[in-house]
Each structure stands twice: as C-alpha cells, then as structure tokens.
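The exercises below are meant to be worked through with the sequence and the coordinates open side by side. Each one sets a task and then follows it with a solution in steps.

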Amino acid sequence: MKQRNFDSTPQVRSEFLPVSSRARSYRHTPYSKTPRVRNLTGRAEETIESTEQAASNLKGLVNKTWRIYKVSPLFQFDYSPSSLRLYSRLLKAQLEAKETQGYGVMVGSSNSIKTCFSVYEGLTSLKGDSEAVEIKIQVASKTGGEKEVFCGILCCVEGSEDALDLLADSKSFTQLPVLLTKGQVSFTYKVLDFIQTKFDCVATPLVFTPLELGWMISMWAGILNEERPNRSVQLVYSVPLKQLQSITYNIKQESAHKIWNCIHDQSSDEMNVEEVTAFLGSLERHFHTIFGIDLAHLCLKEIATPPAAAHTSGKLKIFSTAMIHKILRHITCLSQEALQRS
Amino acid sequence: MKRVTSPKASSSKRPRKSQDSQKAPTIDSVHEALDCLESATKTRSLPVQLSVDLIERTARSEGLPGDILITLVDIIGRRKLSEAVCRRLIRSLLPFDIIPIIAVLKTISWMGVGNTSIALQAELMRWIVAVYDHIDQKEDLHSIYGIIFHYLECDIVSPFACHLLYLLTRKEDVLPFRIRRVITLQSKVGAQPYLTGLLTLYKTYRPDLVVIQPKQKQKFFRSLGGWDSLIKEVKSRTLHILAPSVPEIQYTMAHQEEDLVRPEIQYQPVLGKNGIKTFQELQSLLENLKPPNGILSVLRSPARRIILTSCTDRTLLVRMKFLLRVLLFDEPFHFAEGKKRRGKHILRTLTDITEELQEGIPEVESFLMHYLQVWNGLQWRSSVLTLISRWPLRPFVELKEFVLKPVHKLLCSSSLEFQCSILECLTQLCKNWAVVELPRYKQAKMRQETNVDEYVPVISSVFDQEVEELDEEECLMELAAYIGHICVTALMLNPTSPPLLMYHILRFYHMTVDLYYTHDTTLLALPAAPVVYSSLFSNNVFCLSEMCRLITRYRGMIQSLKQRTGVQLQRHIDELNGYILDISNTIWRNKAFKPESESVLFKVPIPASISHSIDNPSETFLLLYHPALTAITQNFLKKAGDRVQHPKQVISDRAVRSAYLQYLSSHYMSGITDFLQTFIKMS
C-alpha cells in the first residue's frame with residue numbers, strides 16, 4: 001500500500017544545493033517543512049497554582065466548538081486594567097458605529113451593547129507566556145436579560161520565544177498567537193477588525209491541513225478520557241462524489257489506545273513522523289481489508305479523539321479539562337509555525 | 001454727493017478711454033463705484049445698478065484688490081442694499097491676489113450682527129470656504145474656531161460651516177464637548193454627510209474619543225456652487241502677474257479608493273502649524289517622525305513610505321513583515337484566477353516600495369521563490385520582472401536555482417517580446433548588483449567585522465539582516481556569465497537573430513562596459529562567439545556597428561585594466577584578440593572563413609557545398625559588399641559619381657577610403673569607423 005509522506009512538502013531541492021546553503025535557515029528555500037518530531041509533554045517548568053477562578057475558566061472552555069484564528073504579535077497591547085477598560089469602551093463604540101453607519105458615537109457613552117476585555121486566568125503554564133485575554137460581547141435580549149453573542153480568547157500556551165524573530169524591541173509586542181472565538185459571525189468579524197486596527201496585527205483563520213489532522217489524531221487518539229469513556233475515535237474523509245460526500249470511520253477508544261501503544265515508544269517524550277505514518281497506515285490498512293477502499297487517497301477533513309475534535313476549517317472542540325493545556329500548546333505551536341512560514 | 005461717471009456716461013465725452021474702461025475698468029472707477037454704493041439710499045437707482053455692474057465686471061475680469069474687498073464686505077454687512085444686490089456683490093468678492101484676513105473676520109462679525117438674512121449668511125460662509133486657499137493669515141481665522149462652530153446650529157449655514165471647520169481643525173480643537181454637540185446635532189438632523197465628514201476628521205485626530213463609520217465612497221461636502229470655476233478663471237487671468245495657485249484639495253477620504261485589507265486607519269499628523277519652510281526643518285522633522293499606528297497606511301501612501309527609510313522605529317519593519325507574510329503567503333487565492341485585481345494591486349504596491357527603497361524586501365523574495373516555480377510568464381509580468389531585477393545579493397547557486405532556472409525555462413517557450421523583457425530585467429539585475437548591492441554588501445560586512453556602531457554606511461539596508469559570507473565579485477561574474485548563456489539560448493531560439501533581440505543582447509554587454517567607466521566596477525564578460533557571429537553576419541547595420549563599437553570599447557577597458565596590477569586578463573585578451581582578428585578579416589582584409597590559430601569564429605571549416613556554391617565567399621562580407629551596408633555603399637557610390645571608377649577603390653585609394661568612412665560616420669555608423677581606425681593600420 002502506498003505510504004503517505006507526513007513529512008510535508010518535497011525535499012528534492014536540497015540535494016542541488018551545496019552544503020553551505022543547505023545548512024542555512026529555510027528562509028532561502030521555496031518550501032517550508034513540518035517538523036519531523038514533536039514534543040508530547042511540553043516544557044512546563046512549574047505548575048502554576050490553580051485558583052478557583054482558573055478552574056472554572058477551564059471548565060468553560062470544554063465541550064464548546066471554537067473557531068480558531070492565528071494572530072500576529074499585538075503591537076502596543078497593554079495589560080493594565082485602565083487600558084483594558086479603554087479597549088472595551090473603544091470596541092463598544094466601534095460596534096455601535098458600525099451598526100449606525102454615518103452617525104458618530106462618543107466613546108464611553110452608554111448603550112445596549114456590553115463589552116469586556118479581561119485577563120483570562122488558568123491558561124498560562126510558562127513564565128514567558130503572555131497572559132490570556134478574554135473578549136466578551138453581550139447584548140440585551142428581548143426577555144430582559146443579557147445574552148452573550150461573542151466570546152473570544154486570545155492566548156499563548158508555551159509559545160516558543162524564538163519562533164517569531166522579533167528583531168525590534170520586543171517590549172512593544174505581545175505574543176498571543178491563538179484567538180479562540182465563539183458566537184455570531186458578524187460580531188467575530190467586527191472584533192477581528194478591531195483587533196487588527198487597534199493593535200496593528202493580522203488575524204486570519206487557522207486552517208488544519210490533512211497532514212496536521214493526521215498528526216493530531218496520532219497525538220491524541222492514544223489518550224483515554226475518563227470523563228467521557230464512550231467517546232470513540234473518529235476520522236471523516238471527504239469523498240469527491242455527489243452520492244457519497246464523506247466516509248466516517250469510527251474506532252473504539254480502547255482499540256486506538258492499544259494500537260498507539262504498540263507503535264509509540266512509551267518511554268519517549270516525543271513522537272515522530274514515522275509513528276504518525278505507521279498509526280494512520282494501520283488504521284487505513286484495516287479499512288482497506290474490510291471495505292476495499294484506500295483511504296490514503298482521500299482527504300482527511302475532520303477528526304475526533306477522546307480529548308478533542310478538530311475540523312479542517314479551523315474548528316476545535318475540547319472534551320477534557322485535563323488536556324486543555326496540551327491541546328492548546330499544540331495549537332499555539334501550529335499557529336506560530338503558520339505565522340513564521342514564508 | 002459725488003456723481004458717479006458710469007462707463008456709458010463717459011463714453012460720449014472721451015470715446016477712446018471709454019473703450020479701454022469698458023474692457024477693464026480702472027481701480028479708480030471701482031473706488032468711485034464703492035463710494036456710490038456706500039452713500040446709496042435706494043437700491044433701485046440707476047447709479048447703484050451701474051456701480052454694481054462695474055464692480056462685477058472688474059471682479060470677473062481680474063479680481064479685486066484687498067482693500068476693495070474689505071470695503072465691499074462692509075457694504076454687504078451693513079445691509080442697506082437689497083438682498084439681490086448683496087448676492088451679486090458677494091459673487092464679486094473675487095481676489096486679485098490674496099484675501100486679507102480682516103475681510104474674512106469682518107464677514108464673520110457682520111454675520112453675527114443680525115442684519116444679514118440666513119441665506120446671505122450661508123452665501124458668505126460658502127465664499128469663505130471657496131477662497132480659503134487664498135486667505136493670507138489663516139492663523140487668525142483659526143482663533144475664531146469656536147465662533148464658527150456655533151454656526152453648526154443653523155441648518156442652512158451648517159454645511160458650509162462644517163466644511164470650513166473641516167479645513168481649519170487641528171488636533172487641539174477636537175474636544176469632548178464639541179464632539180458631543182455634533183453627535184447631538186446628528187441625532188436631530190440625521191446623518192448628514194457634512195456632519196459625518198467633520199466627525200470623521202475628529203475621529204482621525206482623536207480615535208480615543210469618537211468612533212464613526214462613514215459610508216463607502218461618501219462625498220462629505222456640497223459643491224461650492226460654481227465658485228471654484230469662477231476663482232480659477234480669475235486666477236488664470238492674473239497668473240502672469242502672480243505665482244501659481246494652490247493645488248486642489250480632495251475632501252473624500254483617500255483610503256477608501258483602494259483597499260488592501262481593512263478600511264480604517266488611524267494616523268497622527270505631526271507637522272507643524274505652518275508647514276515646512278526650510279530643508280533643515282524638514283530633516284529635523286523626519287528624525288522626529290512618529291510613525292502611524294497602522295503599517296498598512298504607511299505602505300499605501302507614497303509619502304508615508306518615506307517613513308520606512310527615515311524612521312528609527314524598528315517595530316515598523318516587524319509589523320510590515322507580518323502583514324506581508326499574510327498578504328503574500330496566507331492568501332494564495334489572491335494570486336489565483338478571478339482575484340486578479342487584488343493581486344495586481346498588492347504587487348504594484350510592492351513594486352513601488354521596492355523601487356523606492358532600492359532594495360528587495362525579504363518577504364517578497366521568499367514569495368517570488370515560491371511563485372516563480374508556478375509562474376506562467378504572463379500574469380503580472382511587469383511587476384514580477386521588476387521585483388526580480390531587485391533581487392538582493394545572495395549566493396549565485398540560490399539565485400540560479402530559484403530565479404534564473406524558472407525564468408530560463410519560460411524563455412524557451414515564449415514570444416520574442418517576452419525574451420527581450422527577460423533580458424532587460426536580467427540586465428537591470430546585473431547592474432543593480434554591481435552598482436547598489438555590491439557596495440552595500442561590502443559596507444555591511446565591514447560594519448559587522450569592525451563591530452562599530454558609529455560606522456554609518458553610505459548605502460545601508462533598511463532590513464537589518466545578518467550578512468552572509470560570500471564571494472561577492474565571484475557572484476557577479478557568475479551572474480554575468482549566466483546572462484551570456486541566456487543570450488545564446490535566445491539566439492538559438494531565433495535563428496534569424498531579429499534586431500530587437502540583438503538590441504537587448506548588445507545592451508547587456510554595453511552595460512558591463514558602462515559599469516567600468518561610470519561606476520569603476522570591473523565586470524569582464526566578453527560576448528560569446530554566437531553573439532559576435534550573429535552581429536557580424538547580420539543583415540542589420542545597427543547590429544554590425546554596435547558590435548564593432550563594443551569590441552572597441554572592450555579594448556579600451558582591457559588596456560586601462562592592464563595598467564592595474566593583480567587582474568588576471570590573459571584569457572580575456574586572447575579571446576578579444578581572436579574577435580578583433582575575425583572581424584577585421586571579415587569586413588576589411590578579405591580573409592573571412594580562413595581558419596587561423598587565433599580565430600574564434602572560423603575554426604569550424606565551412607561545408608564544401610557552401611564554398612562551392614558561392615564564388616569567393618571571403619569577399620561576401622567585406623565592408624563594401626556586406627549585406628547590411630549594401631544600400632549605404634550604393635548611395636555613397638552614387639554620390640561620388642565619376643570620382644570613383646571601381647568600388648574597390650574604397651579600399652585601395654586613400655582619399656576615397658577616408659571619404660567613405662566619413663560617410664559611414666555621418667550615417668550613425670561610427671562604431672564601424674572607430675573599429676577600423678583603432679585596429680587597422682590605414683597606410
């Protein structure tokens with residue numbers, strides 16, 4: 001059976017280059033590479049003592065579908081409470097101004113929309129990481145109460161410091177490469193617009209390629225989720241046919257766990273590209289034996305594992321509170337890689 | 001009471017002068033007319049009508065001087081005359097050169113007295129807006145900003161007051177209470193474009209106080225009711241006396257026309273109140289320049305792009321880097337079919353920036369590496385080629401692999417025009433490396449080695465990059481050799497060697513010689529044999545002449561290089577000598593196609609079939625019989641008439657020869673004559 005190359009893009013080019021230029025950074029090659037090895041445990045130096053607030057925050061993250069955006073370093077972002085208050089006032093005024101085109105809106109005037117910028121505790125596990133920031137928008141609902149229409153979390157979990165070679169004074173920049181959003185799309189766009197204008201950064205959807213989904217499923221399929229024992233490992237492949245648009249492939253949590261344990265060296269903190277290829281290859285071979293369909297030739301568009309599910313369009317759902325850090329660490333890593341790619 | 005002598009009344013007495021005065025009434029008569037208006041009691045009386053006519057005519061023809069404008073404003077303000085007359089008088093407030101500020105201030109104060117009707121007030125306000133560029137001391141007008149602000153309350157005057165405020169507003173004028181009042185006004189009268197315009201300006205100055213989202217492509221202010229054309233007309237007549245008028249100002253928001261990513265930009269104007277007067281002032285301002293918050297606004301405006309080069313704020317470059325990465329890599333669909341306009345716009349902006357900075361942008365460089373692998377040679381050709389020609393100095397293998405090879409591939413399957421534009425682009429690249437990149441590289445290397453911060457290079461890079469170790473001279477030589485290789489490929493693809501192609505090829509070689517004479521950079525790249533061969537046997541006289549000139553120039557260059565020590569020249573000298581010998585043999589010495597030891601071109605024996613079918617082939621390309629020169633030689637012989645019995649006299653007879661060479665020179669073929677005079681002993 002054909003083996004897929006999980007090592008990303010062609011590497012033929014390097015053989016043409018003399019040794020000196022091969023040794024240099026990949027800025028000078030037209031191809032970017034996915035790393036061959038990824039760390040599984042992270043490099044948390046110390047466990048940050050969790051407060052009650054942090055615990056409840058983390059609970060709020062699970063079992064929700066988040067759409068992910070990658071954000072380049074924020075310019076002149078300030079964590080002080082007064083600045084955060086100013087940001088929420090400005091965002092509120094901007095939202096109002098967009099509603100009433102052509103009418104001026106005084107910053108700070110009261111209206112029906114409520115916005116809030118606040119520090120989101122519980123996500124940071126490394127000292128170098130910037131604190132996560134939560135953006136919330138509420139509008140008055142018809143029943144009288146307040147309805148949350150948008151929630152966004154800017155975060156950075158164990159981001160690599162040298163990933164973004166900030167030549168200039170790094171104090172002006174705040175690295176929060178991941179933005180998780182949930183809520184009405186119109187508000188999402190307005191908030192993105194605000195962040196981009198106010199902090200002179202670029203925020204674009206983070207999409208997961210089938211390769212990256214392959215890595216994710218290998219990374220997370222072997223993890224048992226005690227909170228949700230019935231959840232199975234799922235792979236959805238898109239099929240270019242009108243009658244059959246996708247193939248969903250379900251595997252029991254325990255089976256996937258067993259397969260991964262056979263492939264992966266338990267003592268190692270890292271997983272490598274061979275293990276990913278072997279894991280997916282074994283699943284696909286099984287499917288081929290039974291149904292005669294070679295899944296390796298189809299596009300993987302959605303995965304679900306016990307701790308998390310991801311869709312190729314950049315949607316993510318986390319099921320386990322214990323795994324939040326690991327999952328977001330990987331997402332941060334992907335986002336930083338995508339921003340650095342050029 | 002003085003009697004006003006109207007032009008008509010005076011015509012009976014002094015017919016000659018009256019004709020003059022009808023064309024251009026004198027200032028004196030205007031003064032008299034003003035006196036009449038000041039003392040008039042009835043609007044409908046004839047003298048008043050005549051005076052108004054006179055003033056109107058004078059104003060329309062050449063404008064009115066300052067003192068008359070002041071008096072007129074007073075007359076209008078006192079409001080003794082009827083509204084219609086006042087309207088006509090306002091329409092006549094056209095300046096000869098400038099409007100004294102006192103006239104404007106008086107206007108505003110008369111408006112406040114209560115004599116003038118609202119409609120007249122609006123007309124006056126419109127007049128101030130229309131002549132704003134011609135007011136002499138705007139500082140004084142600015143000091144009554146608060147008073148003008150009050151006119152916002154009046155519905156009819158408000159549009160023009162808003163426009164005037166828009167022109168006058170500075171950052172310190174934008175205060176919360178004013179913003180609040182405009183917003184309250186908006187809630188009363190709706191989102192009128194003029195209020196939106198004023199608030200948009202307020203937002204530009206104080207984004208922390210007010211937010212507004214104007215509709216796309218909205219025009220903020222009403223037209224000035226023909227005022228602009230009136231003033232323009234008067235100014236065009238007085239132009240010969242006065243300096244050129246102030247350029248027009250566009251009031252719509254410029255950034256709405258072209259949109260790269262997002263519609264809103266905040267910026268902080270930093271220029272002083274009165275503009276910049278001296279160069280030193282400009283220099284000090286550039287040093288203190290506060291870059292805008294949005295990098296996009298910097299990239300979009302050519303004026304603001306100067307900040308990139310002059311500003312010491314390195315964060316700008318980091319922000320630019322991230323923006324470009326997203327623009328160029330994250331949105332590859334911009335470069336797909338159907339999104340052409342956006343892709344074109346992005347590339348055009350980047351080309352402009354590259355040209356202004358005179359160096360390639362690293363992100364664009366990486367983008368080109370990707371893009372050239374799939375480029376079809378058609379899309380955005382001129383932009384892509386311009387960007388290639390600014391490729392920074394890098395190891396040659398890299399350039400060859402990622403740029404030259406894809407371009408070379410395209411060259412093999414494209415039209416003659418494209419081949420020529422590729423050659424042109426590569427010539428530019430080579431020149432750019434020799435003239436800009438090489439000195440920049442050397443200086444950067446020196447700076448890195450000496451590690452002295454005070455050492456300020458003359459040509460420095462905006463992008464603070466590490467200097468790689470490479471043999472820069474060698475890189476340049478390799479590039480030139482590769483271009484020579486491409487030239488030969490192009491010639492092989494076009495066996496007829498069309499003049500257009502030959503022109504571009506010869507241009508490249510001439511450029512290499514130019515580098516030595518103008519920039520003192522040695523780039524020895526002798527044309528390959530096929531290039532010389534094609535020019536020598538070409539049907540085109542230009543190719544032949546230019547090739548001769550090139551060889552002559554090369555000789556000069558090599559001779560002057562010989563005097564310097566340490567340059568390895570022997571190989572080049574041998575090659576050049578071979579060419580000189582071959583060309584002389586062919587066009588002068590009647591020895592073409594005879595293989596000699598030094599010959600480069602004629603080492604290949606001619607097939608027997610050719611040598612048999614043509615009698616005496618070596619004669620065919622003699623200067624006299626050369627196909628490229630046939631017409632010229634024939635003309636020469638015709639002109640010479642009986643003085644030349646046989647064409648061969650051109651070679652044998654000294655007088656005829658010099659006449660012939662002179663004839664060639666006078667027909668722009670000095671290349672050939674120079675060559676012969678340099679290399680052939682004319683005994």
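Buried means under 20% relative accessible area, exposed means over 50%, and partly exposed lies in between. The structure to which these terms are applied here is a predicted model.

**Exercise 1. Find the salt bridge of A:Asp193, and state for each partner whether the residue is buried or exposed, or in between.**

Step 1. The side chain of A:Asp193 meets that of A:Lys98 in a salt bridge, with 2.5 Å from N to O, and the cut-off for such a pair is 4 Å.

Step 2. The two residues come from distant parts of the chain, since A:Asp193 belongs to helix 4 (residues 185-198) of chain A and A:Lys98 to helix 3 (residues 81-99) of chain A, 95 residues apart.

Step 3. With a relative accessible area of 11%, A:Asp193 is buried, while A:Lys98, at 22%, counts as partly exposed.

**Exercise 2. Work out which helices of chain B are linked by the salt bridges of B:Glu123 and B:Glu424.**

Step 1. B:Glu123 forms a salt bridge with B:Arg87, and the closest N and O atoms of this pair are 3.6 Å apart.

Step 2. This pair links helix 8 (residues 118-130) of chain B, which holds B:Glu123, to helix 6 (residues 83-91) of chain B, which holds B:Arg87, and the two residues are 36 residues apart.

Step 3. B:Glu123 is buried at a relative accessible area of 8%, whereas B:Arg87 is partly exposed at 34%.

Step 4. The side chains of B:Glu424 and B:Arg507 also meet in a salt bridge, at 3.1 Å from N to O; here B:Glu424 lies in helix 23 (residues 416-450) of chain B and B:Arg507 in helix 25 (residues 499-519) of chain B, 83 residues apart.

Step 5. Both of these residues are partly exposed, B:Glu424 with a relative accessible area of 23% and B:Arg507 at 33% relative accessibility.

Step 6. Elsewhere, salt bridges with shared partners join A:Glu134, A:Lys136, A:Glu148 and A:Lys182 into one network, and the count over all chains comes to 29 salt bridges.

**Exercise 3. Explain why B:Cys430 and B:Cys487 form no disulfide.**

Step 1. A disulfide is a covalent bond between the sulfur atoms of two cysteines, and the cut-off applied to the sulfur pair is 2.5 Å.

Step 2. For B:Cys430, the closest cysteine sulfur is that of B:Cys487, which at 10 Å is too far for a bond.

Step 3. For B:Cys487, the closest cysteine sulfur is that of B:Cys420, again 10 Å away and too far for a bond.

Step 4. B:Cys430 counts as buried at 0% relative accessibility, and B:Cys487 likewise counts as buried at 0%.

Step 5. Over all chains, a search of the whole structure finds zero disulfides.

**Exercise 4. Trace the strand pairings of strand 2 of chain A, and then follow strand 16 of chain A to its hairpin with strand 15 of chain A.**

Step 1. Strand 2 (residues 65-71) of chain A is mostly covered, with five of its seven residues buried.

Step 2. Strand 2 of chain A runs antiparallel to strand 9 (residues 178-183) of chain A, to which four bridges join it, and within this pairing A:Tyr69 stands opposite A:Leu179.

Step 3. Three bridges join strand 2 of chain A to strand 10 (residues 203-205) of chain A, also antiparallel, where A:Lys70 has A:Thr204 as its bridge partner.

Step 4. Three bridges likewise connect strand 2 of chain A with the antiparallel strand 16 (residues 315-318) of chain A, in which A:Leu316 is the bridge partner of A:Trp66.

Step 5. Strand 16 of chain A is joined in turn by four bridges to strand 15 of chain A, running antiparallel, and A:Lys317 stands opposite A:Ala309.

Step 6. These two strands form a hairpin with three residues between them, and A:Gly314 in the turn has a positive phi of about 100°.

Step 7. Strand 15 of chain A also makes a hairpin with strand 14 of chain A, again with three residues between them, and the bridge partner of A:Ala309 on that side is A:Ala304.

Conventions: Residues are numbered from 1 along each chain as its sequence is written. Chains are lettered from A and ligands numbered from 1 in the order in which they are written. This is a predicted model: local features need pLDDT of at least 70, side-chain atom pairs count only at pLDDT 80 or more; totals for chains, interfaces and linings use all residues. Side-chain values use heavy atoms; hydrogens and water are left out. Buried means under 20% relative accessible area, exposed over 50%, partly exposed in between (1.4 Å probe, protein chains only). Two strands pair if DSSP finds at least two bridges between them.
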